[in-house]
Amino acid sequence: LMHPVFQEASCGFVIILMALYWCTEALPLAVTALLPVVLFPMMGIMESGDYLKDSNMLFIGGLLVAIGVETWDLHKRIALRVLLIVGVKPALLMMGFMGTTAFLSMWISNTATTAMMVPIAQAVLQQLSNTEAESDELELQNGQVNQGFDQETKVDSPPEYEDAVKDARQGNRHIMTIEDHASAMEEAGRRRADKYLNLSKGMSLCVCYAASIGGTATLTGTTPNLILKGQIDDIYPGNGDVVNFASWFGFAFPNMILMLVLSYIWLQFMYLGFDIKKSFGCGDKNTNDRRAYEVMKDEYRKLGSMNFAEVAILTLFILLVLLWFTRDPGFIPGWATVLFNKNNKQYVTDGTVAIFMAILLFVIPSRLPSFSCSARGEEGDGPAVIKAPKALLQWEVVHQKMPWNIVLLLGGGFALAKGSEVSGLSVWLGESLAPLQSIPPAAISILLCLLVGTFTECSSNTATTTLFLPILASMATTIRLHPLYVMLPCTVSASLAFMLPVATPPNAIVFSYGHIKVIDMAKSGAVLNIIGVLSINLALNTWGTAMFGLDTFPSWANTTAKYP
């Protein structure tokens, strides 16, 4: 057997090696996650280990339902319906895009949500720009006042443009030459382009930021949340299911709303200004607004009326959420506790519910069965054929859209946590961080959030959470601090990837449209990172403490999982 000191060092080597590979992406992230399968047995730390746990099942089930929603365009119908309600005035439009994106990213992939919402935003803005160009031309020719798209950053017309309009109003249209007309229109076009470029930056950034923020609200919204759930259950098996869908939602949803509102205010300030009358468009709709509104209305009409598949998907989705919330709400016994989970054993978990609903997607038909008499034998006298409709979800679609690499990443994280425990590395790390006991817990939380928030800008949020959480759990146990007091805020902070295009796929999607420079994202994202850290810590020290009892050291944290 290997000496314990060498086991700790060997495990530390594997963690450092994986951290380097994850940060540099020298190997695909999922391939790096498989290294413990090879290195841990060869170094005598432990056997290959179990990569599939309940968190993996929760991830797979939740994603299958999300893929079903995407397949039948239910998410697009919800998005367009909300945008038609809020209208096309600049501030309201930004509010609608942020709210819709955040809601959808709670349930489906942040990347898929962003990829759907950005083209809608660009189409609306393009229509607004085209209509204003037509209005400028008419104003110049007829001397009519342009009632186009109002915005806080008002575009001042060039002097020759104003003179031409003045002459036109006085009936002196003949004074303006063709060259003057061309020059005035060129200058107006340049200023209009600058205005809409600024607006396009704001709308694009609001979508990608809202996708990242919205994903923090639910346990299945983004991968780091599931990693926390898996690590807590793995390291502290007697925790009594302290983190489940309902408890996470109770903590994270109000925090998401707070971050979303503050982010909206900041982006409104940066790109639209604070003139309420102009930004919110008090008064009647003008021609520009009506035409942009028609763009969204046409997209909504293309979807047609809701069919059987959409109604079935929506029903299953609502049922899934209700079952998650009522399984173990905490303040009263849930249905799972009454029917299945006896003697303090968790037989039915959130993962069980997710997989059950996902299986139904492969069973329920996409339309009601119909009898067809057209398919008969060659002589025309064969029996009528009953044509079975396709199910709501096909495995071919799942194979294309399911990010299987995340399943391996989750498993790699569990293997690292288990290896750290077995080798004694987690104990050594915890003892090394013991001096932090003299620092106030609130200061520790803020410092760790800033550290994780910075690290996740240049590394995958999944890899960041996988590396940090086992270390934080060991530190919390050593200094007798509630493990969730440091693990919760750092998990949410891993989603605060706002500053760089490479930080997260939603950022990369909006950057690919070419409207945004890196400096634009860095300037707006730096402030949002600070807003996020402060918001998370406010939530942690108020309702988070009341919900999870974070001001006391729990009895279940005294003992950790023991492995042979």
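Reader: Where does Trp72 lie?
Author: This is a predicted model. In it, two helices, α4 and α5, flank a loop. Trp72 sits in the loop between α4 and α5.

Reader: Is Trp72 buried, partly exposed or exposed?
Author: The relative accessibility of Trp72 is 26%. Buried would need a value under 20%, and exposed a value over 50%. Trp72 therefore counts as partly exposed.

Reader: Which residues is Trp72 in contact with, leaving aside its neighbours within four places in sequence?
Author: Neighbours within four places in sequence are left aside here. The contacts of Trp72 are then Ala309, Glu310, Ile313, Ser366 and Leu392.

Reader: What separates the C-alpha atoms of Trp72 and Val311?
Author: Along the chain, Trp72 and Val311 are 239 residues apart. In space, the separation of their C-alpha atoms is 10.0 Å.

Reader: What is the phi of Asp73, and where does Asp73 lie?
Author: Asp73 follows α4 and lies in the loop between α4 and α5. Most residues other than glycine have a negative phi. Asp73 is not a glycine, yet its phi is positive, near 60°.

Reader: How does Asp73 count, buried or partly exposed?
Author: Asp73 has 34% relative accessibility. The cut-off for buried is under 20%. Asp73 therefore counts as partly exposed.

Reader: How far apart are the end C-alpha atoms of helix α4?
Author: Helix α4 covers residues 54-71, which makes 18 residues. At 1.5 Å a residue, α4 should span 26 Å. The end C-alpha atoms agree with that, at 26 Å.

Reader: How many of the 18 residues of α4 are buried?
Author: The rest of the structure largely encloses α4. That follows because the buried residues of α4 number 15 of the 18.

Reader: What phi does Arg480 have?
Author: Arg480 lies in the loop between α21 (461-478) and α22. Arg480 is a residue other than glycine with a positive phi. The value is near 55°.

Reader: Which residues is Ser495 in contact with, leaving aside its neighbours within four places in sequence?
Author: Ser495 lies in the loop between α22 (483-493) and α23 (505-511). At 5% relative accessibility, Ser495 counts as buried. Beyond its neighbours within four places in sequence, Ser495 is in contact with Ser212, Thr216 and Thr222.

Reader: Which element gives the most to the largest nonpolar core?
Author: The largest nonpolar core has 147 residues. Eleven residues of this core come from one helix, the element that gives the most: α11.

Reader: Which residues have the most contacts inside the largest nonpolar core?
Author: One of them is Trp22. Trp22 touches, among others, Leu29, Leu409 and Leu467, not counting residues up to four places away in sequence. The full set with the most contacts inside the core is Trp22, Phe97, Leu484 and Val486.

Reader: Where does α11 bend?
Author: Helix α11 runs over residues 245-271 and reaches 36 Å, close to the 39 Å expected. The helix has a bend of about 30°. A proline, Pro254, follows the bend within four residues. The bend is at Ala252.

Reader: What lies at the start of α11, and which residue follows the helix?
Author: At the start of α11, a side-chain oxygen of Asn244 comes to within 3.1 Å of the backbone nitrogen of Ala246. After α11 comes a residue with a positive phi, near 85°. That residue is Gly273.

Reader: How many aromatic pairs does the structure hold, and which kind do Phe103 and Trp107 form?
Author: The structure holds 16 aromatic pairs. In the pair of Phe103 and Trp107, the rings are 6.4 Å centre to centre, with 70° between the planes. Planes over 60 degrees apart count as edge-to-face. The pair is therefore edge-to-face.

Reader: Which parts does the pair of Trp107 and Phe245 tie together?
Author: Trp107 and Phe245 form a stacked pair, 6.2 Å centre to centre and 25° between the planes. The two parts are 138 residues apart in sequence. Trp107 and Phe245 place them as the loop between α6 (90-105) and α7 (110-142), and helix α11.

Definitions and conventions: Residues numbered from 1 in each chain as written. Predicted model: local features only at pLDDT ≥ 70, side-chain atom pairs only at ≥ 80, totals over all residues. Heavy atoms only, no water. Expected span 1.5 Å × (residues − 1). Bend = angle between axes of the 7 residues up to and from the residue. Polar contact = N/O pair within 3.5 Å; in protein donor to acceptor, adjacent residues only side chain to side chain. Core = buried A, V, L, I, M, F, W, Y, C linked by side-chain atoms within 4.5 Å. Buried < 20%, exposed > 50% of the residue type's maximum accessible area, 1.4 Å probe, protein only. Contact = heavy atoms within 4.5 Å. Phe/Tyr/Trp six-rings, centres within 6.5 Å; stacked < 30°, edge-to-face > 60°.
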